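The exercises below ask for side-chain contacts and surface features to be located and classified. Each task is followed by a solution that proceeds step by step.

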Amino acid sequence: MDDVPIYRQIAQFLAREIISGRIQPGAQLASVRQLALQFSVNTNTVQRALREMIANNILQSRRGTGNFVTQDLEVIERIREKAIQQSILGMYDQLHALNISDEDIRERLNKFLEQRRDGDGERALTKGCLL
C-alpha cells in the first residue's frame, strides 16, 4: 500500500468503516481537524480524501455542519461490491502468479472456509480484519 497516496488510503479506510457498518449511513464524520489528528496528517490531506468521497457520493457535505455518510444504501452496496471484487482479484492474481490453477484455488478456498467455521456453522471472526 506504500504506492497508494495517503489521501486515498484515508478514503479507503473510511469506506471500509462505512461498508463494515462501523460508521452508519447518515452518521456525521469527525471534523477535518480531528481526522487529521487521528491519521497524523495535514488537514489538506484529509480534505482531499473527503472531496474524493463526496465526488463519489459516499459522503455529503453540509455547509456549516460537516460531512455525513450517505443514506443511499445502493451507493454503500456499490462500494462494498467494488471492495470485494478488488480483494478477490488481488488474491486471484497472487495465486495465479504462483501457478495455481482455478480448480486448486476453488478447492483450497472451500477447505479454508470449512476450517474457519466454528462449531455452530458460523464463520469464525478474523481478528484485526477490516472487511
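**Preliminaries.** The model is predicted, so local features need pLDDT of at least 70 and side-chain atom pairs count only at pLDDT 80 or more, while totals for chains, interfaces and linings use all residues. Residues are numbered from 1 along each chain as its sequence is written, and side-chain values use heavy atoms, with hydrogens and water left out.

**Exercise 1.** Classify Arg108 by its relative accessibility, and then describe its salt bridge with Asp104.

*Solution.* Begin with the classes: buried means under 20% relative accessible area, exposed over 50%, and partly exposed in between, with a 1.4 Å probe and protein chains only. Arg108 has 54% relative accessibility and therefore counts as exposed, whereas Asp104, at 25%, counts as partly exposed. Next, apply the salt-bridge rule, which asks for a side-chain nitrogen of Lys or Arg within 4 Å of a carboxyl oxygen of Asp or Glu. The side chains of Arg108 and Asp104 satisfy this rule with an N to O distance of 3.0 Å. Finally, place the pair: both residues lie in helix α5 (residues 102-116), 4 residues apart, about one turn of the helix. Helices here are DSSP runs (H or I, at least four residues) and strands likewise (E, at least two), numbered from the N terminus.

**Exercise 2.** How many salt bridges does the rule give, and which parts of the chain does the pair Arg8 and Glu52 link?

*Solution.* The count comes to 5 salt bridges. One of them joins the side chains of Arg8 and Glu52 at 2.8 Å, N to O. This pair links distant parts of the chain, since Arg8 belongs to helix α1 and Glu52 to helix α3 (residues 43-55), 44 residues apart. Arg8 has a relative accessibility of 30% and so counts as partly exposed, and Glu52 falls in the partly exposed class at 21%. A further bridge brings Glu77 and Arg80 together at 3.9 Å, N to O; because these two are 3 residues apart in helix α4 (residues 73-97), about one helical turn separates them.

**Exercise 3.** Which geometry does the pair of rings of Phe13 and Phe39 have, and why?

*Solution.* A search of the whole structure finds 1 aromatic pair. The ring centres of Phe13 and Phe39 are 5.6 Å apart and the planes stand at 80 degrees, so the pair is edge-to-face. The cut-offs behind this are centres within 6.5 Å for rings of Phe, Tyr and Trp (its six-membered ring), with planes under 30 degrees apart counted as stacked, over 60 as edge-to-face and the rest as tilted. Phe13 lies in helix α1 (residues 6-19) and Phe39 in helix α2 (residues 32-39), 26 residues apart, so that the contact links distant parts of the chain. Phe13 is partly exposed at 23% relative accessibility, and Phe39 is partly exposed at 21%.

**Exercise 4.** Find the ring over which the charged end of Arg62 sits, and the bridge partner of Arg62 in β2.

*Solution.* The charged end of Arg62 sits over the ring of Phe68, 3.9 Å from its centre; the rule requires NZ of Lys or CZ of Arg within 6 Å of the ring centre and within 35 degrees of the ring normal. In β2, Arg62 has Gly66 as its bridge partner. Strands β1 (residues 59-62) and β2 (residues 66-69) run antiparallel and are joined by 4 bridges, where pairing requires at least two DSSP bridges. Within this hairpin, which has 3 residues between the strands, Gly64 takes a positive phi near 85 degrees.
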